[in-house]
Amino acid sequence: MRKEKDSMGEMYVPDDAYYGAQTQRAIDNFQISNFKLSKSMIDALAIIKRSAAIANHQLGLIDKNIKDAIISSADEIIDGKFDNQFLIDIFQTGSGTSSNMNCNEIISNRASEILGGAIGTKKPVHPNDHVNLGQSSNDVIPTAIHIAANILIENQLIPSLQLLETELEKKSLEFKDIIKIGRTHLQDATPLTLGQEFSGYLYMIKNSITRIINTQKLMSELAIGGTAVGTGINTHAKFGSIVALEVSKYTNMNFIEAPNHFEAQGAQDAAIETSGALKSIAVSISKIANDIRWLGSGPRAGLGELILPAVQPGSSIMPGKTNPVICESVIQACAQVIGNDLTITIGGQGGVFELNLMLPLIAHNLTSSISILANSATAFTQKLIIDLKANKDKCSSYIEGSLAMCTSLAPLIGYDKAAEIAYEAYKTGKTVRQIAEENNVLDQEKLNTTLDPKSMIEPNK
């Protein structure tokens, strides 16, 4: 163990630790859960620190050697070299100061090492005076949340949703000529094609992509430059805009300095809006997965209209049984995202005067939701949708026996008469066609045309 000092006194830190005294205090103080800072947030902090070093050098505030050492250290963090050094619990100081200092101390020690200094001495690179120059945890953590979330959305979630969109479009075309019975209230309804049913799923995902893209504009606004309360005290007036530009260059995405730092630091409205969009996506995907699960129920005593790919044995006691495990996995993941949204919403209410005090909680749940949805959408597509098959015979077998077939008779013989036919068919176990024929409600040719399922899958011409 080595002895270090911070503003509160001396602390013992493990010899192999790149973090310092403030991080050690936080590790000791916040032993609450096993939840640590996500890799996406760690990377976002490192991106901020490397961008801040570039900005401070451009502004003449640090020399080139220190800038380069900070950048090299930040890049090593992004490469994963120091993942095991971010040990602070998510449930910590509400501003995330501990995690900000965790990153500052790692970069300070590694940068000092690169420049020939000793770990723990804060020389020649100081965690506050150099790595955190022009910054406050109060603007760094909100900035990191926006960067981390937008990168995950751009690089993981949107591509995964686009992949699902592509495969659902293929299925809607593949199934376009398969007529099946519709269902409302879990009861038989009028026919439609399986392709039409899947076109609904397709547009749910199309709309989901639009929703999440729309959140990216406000999530591209960065709080950096506001420092403690939004006024920008102790930082250069151009610092925030230069950092935003450098973050944009590094990520190949568009980030800007927030037009109002008091909103950016006192509230987390953009994160809440993004979480709301994620919740909507989760509800959509959950509905699709649940429908497919039901449509594939069976194989002998269920609906059986879809044939789901078997990916693993389904029972420890029933040989040969397979279950819709991918659907179930996705539904559970979506439930978690919906639950995360409530947590994020409550976190948003943690804005008190000039600072939100639930930033680590928001960061954890928001980045988790994005990752869960992206991974679920990919698994759903690759392990289920691509190899999903239709049971054409089963789809067609339900149509003729459906009491909803009488719907197309109503415009010709009246609602009440059509209802009588439906009730009689139900009581006798006969089909609507059989009862209509027995009662001579229409001539045979007209009846056949009217009860042709193909005539029921689009508006009257």
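## From the first strand to the long axis of the chain

Strand β1, residues 2-6, has two faces: Arg2, Glu4 and Asp6 lie on the covered one, while Lys3 and Lys5 lie on the uncovered one. In a regular strand, side chains alternate between the two faces of the sheet. The model described here is a predicted one.

The partner of β1 is strand β2, residues 9-13; the two pair in the antiparallel sense over 5 bridges. One position in this pairing is Lys3, which stands opposite Tyr12 in β2. Between β1 and β2 there are 2 residues, and the two strands form a hairpin.

A second hairpin is made by β3 and β4. Strand β3 covers residues 179-184 and strand β4 covers residues 187-193; they run antiparallel and are joined by 6 bridges. Within this pair, Gly182 stands opposite Ala189 in β4. The hairpin of β3 and β4 has 2 residues between the strands, and His185 takes a positive phi near 60 degrees there.

The next topic is internal space. How many cavities of 30 Å³ or more does the count give? The count comes to 3. The largest cavity holds about 60 Å³ of space. Its lining is made by Glu4, Gly20, Ala21, Glu105, Ser108, Asn109, Gly120, Lys122 and Pro127. Glu4 in this list belongs to the covered face of β1. Helix α4, residues 97-114, gives the most to the lining of the largest cavity, with 3 residues. By class, that lining divides into 2 nonpolar, 4 polar and 3 charged residues.

The second largest cavity has a volume of about 40 Å³. Leu37, Met41, Gln92, Gly96, Ser99, Ile141, Pro360 and Ala363 line this second cavity. Its lining has 5 nonpolar and 3 polar residues, and no charged residues. The lining of the largest cavity, in contrast, includes 3 charged residues.

Two residues of the second lining, Pro360 and Ala363, lead to helix α12, which runs over residues 359-385. Is α12 mostly covered or uncovered? Helix α12 is mostly covered, with 19 of its 27 residues buried. Its length can be checked against a simple expectation: at 1.5 Å a residue, the 27 residues should span 39 Å, and the end C-alpha atoms are 37 Å apart, so the two values agree.

After the helix comes a loop. Ile386 has its place in the loop between α12 and β10, the latter at 389-390. Ile386 counts as partly exposed because its relative accessibility is 34%, and the partly exposed class lies between the cut-offs of 20% and 50%. The C-alpha atom of Ile386 is separated by 42 Å from that of Ile435, a residue 49 residues apart from Ile386 along the chain.

The last step is the chain as a whole. Its secondary structure comes to 17 helices and 10 strands. Of the 461 residues, 51% count as buried. How does the chain compare with a compact globule of 461 residues in radius of gyration, and what are the two values? Such a globule would have a radius near 23 Å, but the chain has 30 Å. Along the principal axes, the C-alpha atoms fill a box of roughly 100 × 50 × 35 Å.

Definitions and conventions. Residues are numbered from 1 along each chain as its sequence is written. This is a predicted model: local features need pLDDT of at least 70, side-chain atom pairs count only at pLDDT 80 or more; totals for chains, interfaces and linings use all residues. Side-chain values use heavy atoms; hydrogens and water are left out. Helices (H or I, at least four residues) and strands (E, at least two) are DSSP runs, numbered from the N terminus. The expected span of a helix is 1.5 Å times one less than its number of residues. Buried means under 20% relative accessible area, exposed over 50%, partly exposed in between (1.4 Å probe, protein chains only). Two strands pair if DSSP finds at least two bridges between them. On a 1 Å grid over the protein atoms alone, a cavity is a set of points where a 1.4 Å probe fits but cannot get out, and a pocket is an open set with protein on both sides within 12 Å along at least five of seven lines; lining residues have an atom within 4 Å of a point. Grid points are joined across faces, edges and corners, and a volume is the space filled by probe spheres set on the points. Ala, Val, Leu, Ile, Met, Phe, Trp, Tyr, Cys and Pro count as nonpolar, Asp, Glu, Lys and Arg as charged, and the others, Gly among them, as polar. The radius of gyration is taken over C-alpha atoms; the globule rule is 2.2 Å times the number of residues to the power 0.38.
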